[in-house]
Amino acid sequence: MNRARTEGTTYQAKLPTPFALLGIRTAGDALAEITFLPKSGGALAPRDRLAARVCAQIERYLQDPEFHFDLPAAAQGTPFQRSVWRKIAAIDPGRTRSYGEIARDLNSAARAVGQACGANPVPLVVPCHRVLAVGGLGGFAHHEGGFHLSVKRWLLAHEGAARR
């Protein structure tokens, strides 16, 4: 299988979007990872059927922020992370929840929920951008500012989500 290598990671596609270049990695019949890369990188046409399906669904989301993804994701993460990701996946487009709200649902702590959000391997599909801090935007993908926060702001604006 032909694959492109960037920063030590093998991607089956790289999709340019208005907010970032998305590195898409598949593993067999499952989506393994979506990575936010700088827009300056080059596109890579899908190298397998699943990568093409992922790209097509992301393009649908870009056209319609109400679009719901339907992709097989690789089983990853700890049981706690998976429980957080299930809660996040249930947040509808244009809506947000706080780290604390999700923590209360899971009888956990907001910081632990934030760490699980940051470890999410398939953002957009599991929309961790919809989780905010009580007093503002919060972090994104284990970053407190810069490029990643600009991606989170773009995604929330695209969905018409009102910030708390």
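## Exercises on a predicted model

Leucine 124 is buried, its relative accessible area being 2%. Keep that residue in mind while you work through this predicted model.

**Exercise 1. Which backbone feature does leucine 124 have although it is not a glycine?**

Start with the location: leucine 124 sits in the loop between α4 and β7. Next, look at the backbone. Leucine 124 has a positive phi of about 80 degrees, and it is not a glycine. Here's the background: most residues other than glycine have a negative phi. Last, check the burial call: buried means under 20% relative accessible area, and leucine 124 comes in at 2%.

**Exercise 2. Is asparagine 107 buried or exposed, and in which loop is it found?**

Begin with the place: asparagine 107 is in the loop between α3 and α4, just after α3. Now take its phi, which is positive at about 55 degrees although the residue is not a glycine. Then the accessibility: the cut-off for exposed is over 50%, and asparagine 107 has a relative accessible area of 73%, so it's exposed. Put the two residues next to each other: asparagine 107 is exposed, whereas leucine 124 is buried.

**Exercise 3. Which residues of helix α3 are buried, and what covers them?**

First, find the helix: α3 runs over residues 99-106. Go along it and pick out Tyr99, Gly100, Ile102 and Ala103, which are buried. They cover an arc of only 160 degrees around the axis, so they lie on the same side of α3. Now for the cover, which includes the helices α2 (79-89), α4 (110-118) and α5 (146-159). The strands β6 (97-98) and β7 (131-132) also belong to that cover.

**Exercise 4. In what order do the elements of the protein run from the N terminus on, and how does the radius of gyration agree with that of a compact globule?**

Count up: the protein has five helices and seven strands. Now order them from the N terminus: β-β-β-β-β-α-α-β-α-α-β-α. For the second part, take the 164 residues: a compact globule would have a radius of gyration near 15 Å, and the protein has 15 Å, so the two agree. The C-alpha trace spans about 45 × 30 × 30 Å along its principal axes.

**Exercise 5. What share of the residues is buried, and what share of the accessible surface belongs to carbon and sulfur atoms?**

Take burial first: 48% of the 164 residues are buried. Then the surface: about 8,200 Å² is accessible, with 48% of it belonging to carbon and sulfur atoms. To finish, turn to the charges: the mean positions of the 21 positive and 13 negative ones are 4 Å apart.

Notes: Residues numbered from 1 in each chain as written. Predicted model: local features only at pLDDT ≥ 70, side-chain atom pairs only at ≥ 80, totals over all residues. Heavy atoms only, no water. Helix = DSSP H or I, 4+ residues; strand = E, 2+ residues; numbered from the N terminus. Rg over C-alpha atoms; globule rule 2.2 N^0.38 Å. Buried < 20%, exposed > 50% of the residue type's maximum accessible area, 1.4 Å probe, protein only. Areas by Shrake-Rupley, 256 points an atom, 1.4 Å probe, with all protein chains shown as cover. Lys, Arg positive; Asp, Glu negative; His and termini not counted. Charge placed at Lys NZ, Arg CZ, Asp CG, Glu CD. Arc of directions from axis to C-beta. Contact = heavy atoms within 4.5 Å.
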